[in-house]
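Dear colleague,

I am passing on a structure that you may wish to look over before our next discussion. My notes on the strands follow below it.

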Amino acid sequence: MPQTSDVMSGLGPVPNVRPTLRQRLVRGIGPAGAAYVFLFPWLAGFLVLTLGPALYSLYLSFTDYDLIGAPRWTGLDNYTRIATNDPKFAASVRVTLTFVLLSVPLKLAFALGIAVMLNRGLKGLTLYRAIFYLPSLLGTSVAIAILWRQLFSGDGLVNGILGQFGIDGPSWISTPDTALYTLVILAIWQFGSPMIIFLAGLRQIPGDIYEAAEMDGASKVRQFWRITLPLLTPVIFFNAVVQTIEAFKAFTPAFIISGGTGGPIDATLFYTLYLYQEAFGYFRMGYASALAWILLVIIAFFTAFSFLTARYWVHYDD
Amino acid sequence: MSYTKPDRRALLAGTAALTLSSLVAPTIAAAQEDANLRLFWWGSTPRAERTYAVADQYMAENPNVTIEGETVGWADYWTRLATQVAGRNAPDVIQMDYRYIFEYARRGALADLSEYRNDALPLEGFEEASLQGGMVDDGLYGVSLGANSSATMIDADAFEAAGLEVPTGAMTYDAMADAVMQVVEATDYEYGMHDASGHEPQLENWLRQRGTPLYTDDGELGFTVEDATEWFEMWADLRERGVTVPPDQQALYQRSIETSAVTLGQAPVSFAHSNQLTGYRELNDSTITMIPLPLIEEGATGGHYRKPSQLFSVSSSAENPEAAAAFIDYFVTNPEAVEVLEVERGVPESTVAREELAPKLNEADQAQLEYIENLGDLAGPLPPPPPAGAGEVEALLIRVSEQVAFGQQTPAEGAEQLVSEAQSILSR
């Protein structure tokens with residue numbers, strides 16, 4: 001904030017008052033220098049723990065590295081193999097895209113529906129909000145993944161209920177055709193954090209717009225489509241971007257439910273799980289690094305695509 | 001670089017001092033030198049308790065040695081170990097698996113223990129054959145902590161309830177299938193046995209009975225598309241007859257005692273490793289007995305082998321490899337250590353240790369010991385260690401066996417895919 005520093009430099013030395021650390025710093029090294037000093041704790045962490053390893057992994061992606069020996073430069077070999085001769089890469093991209101394209105829209109729709117319901121000035125709103133948020137806190141944990149395994153296995157709760165209606169279900173999590181969908185359901189069930197954000201967004205919509213619509217005889221459904229949804233598009237946009245990135249990065253549920261194999265028959269071989277297998281199962285750190293950079297590009301592509309299309313459907317009217 | 005040439009007198013004095021110290025050093029080293037050893041292994045809680053207890057005993061007898069133990073489960077173990085080795089922070093004593101010892105030894109991560117055989121590592125009671133599992137290129141890079149072999153686990157109570165004699169020796173696959181179907185008819189069990197079409201040890205056993213190795217000495221795939229086709233056809237037939245657990249339930253099996261068909265109550269017969277008998281008995285209420293894996297035909301031999309269930313290796317970066325070797329020797333031969341460890345890591349290799357232990361074992365452990373000693377013709381020589389990439393081939397076998405079991409591929413198509421993909425993995 002430029003005003004602040006102007007004000008401070010305008011104050012000059014004040015007798016009998018010790019200048020604060022910030023004032024002394026600004027005087028000594030200028031506002032930009034002072035900013036860096038205060039940024040340092042975060043910046044150091046970013047450089048040492050994020051940027052450094054990220055660049056190193058970029059280097060590793062051009063090598064053959066098994067963790068025990070030294071990395072050996074192989075040029076574009078890893079990338080060539082991924083592009084031309086890796087059926088598991090193709091399989092994992094297919095699984096991951098299916099997961100993202102199904103779970104993100106369904107989760108957002110579910111979150112929005114619950115948020116609209118909760119926004120009607122219910123009694124005990126905070127309690128309901130907390131209850132609905134709970135799965136999101138637990139969702140990525142190992143315990144829930146294990147619970148899911150129990151629910152959808154051959155003699156699990158789901159088949160117990162289906163059995164009441166005379167339906168004899170398979171073991172859903174270990175049948176190739178259904179395994180991925182149990183993970184989609186798990187993702188949808190964790191609708192808590194987009195719901196909270198939707199709820200905050202709904203609160204921002206001025207009530208008089210609805211009153212005016214009411215006067216004009218618009219039905220509730222029409223109000224939702226013509227008022228709520230358009231005014232909520234910035235929030236929907238935010239949630240969609242964040243949830244898409246999250247979905248691409250999903251790992252724990254597939255890892256636990258398939259026992260780390262991505263099975264049955266690669267049905268739950270998420271991209272991150274394949275990456276993990278290559279890195280820590282078969283010790284191909286170079287290859288795994290190349291896979292990680294490709295994932296970064298894929299996510300960047302989807303995010304850029306969202307931002308480019310945003311101007312056609314996201315309305316910022318203030 | 002600046003470097004002052006030492007004068008003659010200093011050189012002489014230095015040489016004398018060195019010679020003197022090298023004469024005195026060994027005796028001091030053995031008695032006095034402080035050693036700090038880090039010990040890393042995978043396994044369950046009972047194993048951790050036993051291992052810590054032996055480390056404590058050793059420290060009490062050797063006050064100059066301190067041992068720090070670390071343990072995790074199998075799945076996390078190899079990640080951690082590789083990361084520590086890469087970070088130049090390897091533990092001194094490393095629990096090794098036969099599958100990985102070649103990779104680690106050839107990449108220079110392990111110390112050759114041959115030079116300690118005369119003093120710190122006499123390994124009393126070890127026969128040459130017992131050392132073989134730890135040999136890499138004529139060097140000793142690991143010491144076997146116990147022997148095991150594949151085995152069939154049987155719910156003996158169910159066999160009795162069906163009015164059948166509980167099998168005590170190896171049976172053919174056909175005889176086994178007939179027997180378990182009688183058990184299924186007479187009891188609550190829905191299915192007869194594990195679908196082992198994706199179990200690598202079982203495929204290897206079956207191949208060896210036919211005189212074919214899983215991998216050749218050169219690390220190539222030992223079997224052909226025809227072999228694999230017959231293998232998948234045999235299991236497809238058993239599956240159709242309802243002998244095996246159906247594929248959606250078999251896919252839940254995670255190579256653990258907890259998820260096996262017997263423990264889950266799906267079938268009266270599972271396939272496992274002999275040192276897991278103890279665990280099977282603990283997790284099941286019914287009486288579990290153990291026989292060798294099924295035979296391809298009456299009188300078939302050589303499918304089994306005595307495998308080092310785990311080994312102890314010493315890191316090449318260990319500060320005091322001699323102290324590490326001495327601890328390993330204590331761990332596998334000292335009667336007090338063996339009495340604590342029992343057969344939890346497999347049957348001890350040292351004949352002295354085995355004789356010491358035999359009368360003190362409970363019935364299940366006794367059965368394990370006898371199982372290994374009485375394999376006879378059923379056991380053949382130790383196969384060469386699996387090549388790099390074998391772990392990936394094992395995962396491939398699981399995937400292809402599932403494709404066949406779920407009907408996505410015929411046995412012949414699966415066999416074709418298994419062999420061609422495995423060859424591509426091994427040549428990578």
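A residue is called buried here when its relative accessible area is under 20%, computed with a 1.4 Å probe on the protein chains only. Please keep in mind throughout that this is a predicted model.

With that cut-off, 7 of the 8 residues of strand 10 of chain B, which covers residues 307-314, are buried, so this strand is largely enclosed by the rest of the structure. Strand 10 of chain B is paired with strand 3 of chain B (residues 93-96) in the antiparallel sense, over 4 bridges, and within this pairing B:Val93 stands opposite B:Val314. Strand 10 of chain B also pairs with strand 6 of chain B (residues 143-148), again in the antiparallel sense, through 5 bridges; here B:Gln310 of strand 10 is the bridge partner of B:Gly146.

Chain B further holds an open sheet of 3 strands, in the order 8-7-9, whose pairing is antiparallel. Strand 8 (269-273) and strand 9 (288-291) of chain B stand at the edges of this sheet with a single partner strand each, and therefore one side of each is left without a neighbour in the sheet. From one strand to the next, the twist averages 35 degrees. Between strand 7 of chain B (residues 150-155) and strand 8 of chain B, which run antiparallel, there are 5 bridges, and B:Ile154 has B:Val269 in strand 8 as its bridge partner. As a general point, the strands of a sheet pair through backbone hydrogen bonds, in either a parallel or an antiparallel manner.

With best regards

Key. Residues numbered from 1 in each chain as written. Chains lettered and ligands numbered in written order. Predicted model: local features only at pLDDT ≥ 70, side-chain atom pairs only at ≥ 80, totals over all residues. Heavy atoms only, no water. Pairing = 2+ DSSP bridges. Helix = DSSP H or I, 4+ residues; strand = E, 2+ residues; numbered from the N terminus. Axes fitted to C-alpha atoms, helices over the stretch in contact; angles between N-to-C directions. Buried < 20%, exposed > 50% of the residue type's maximum accessible area, 1.4 Å probe, protein only.
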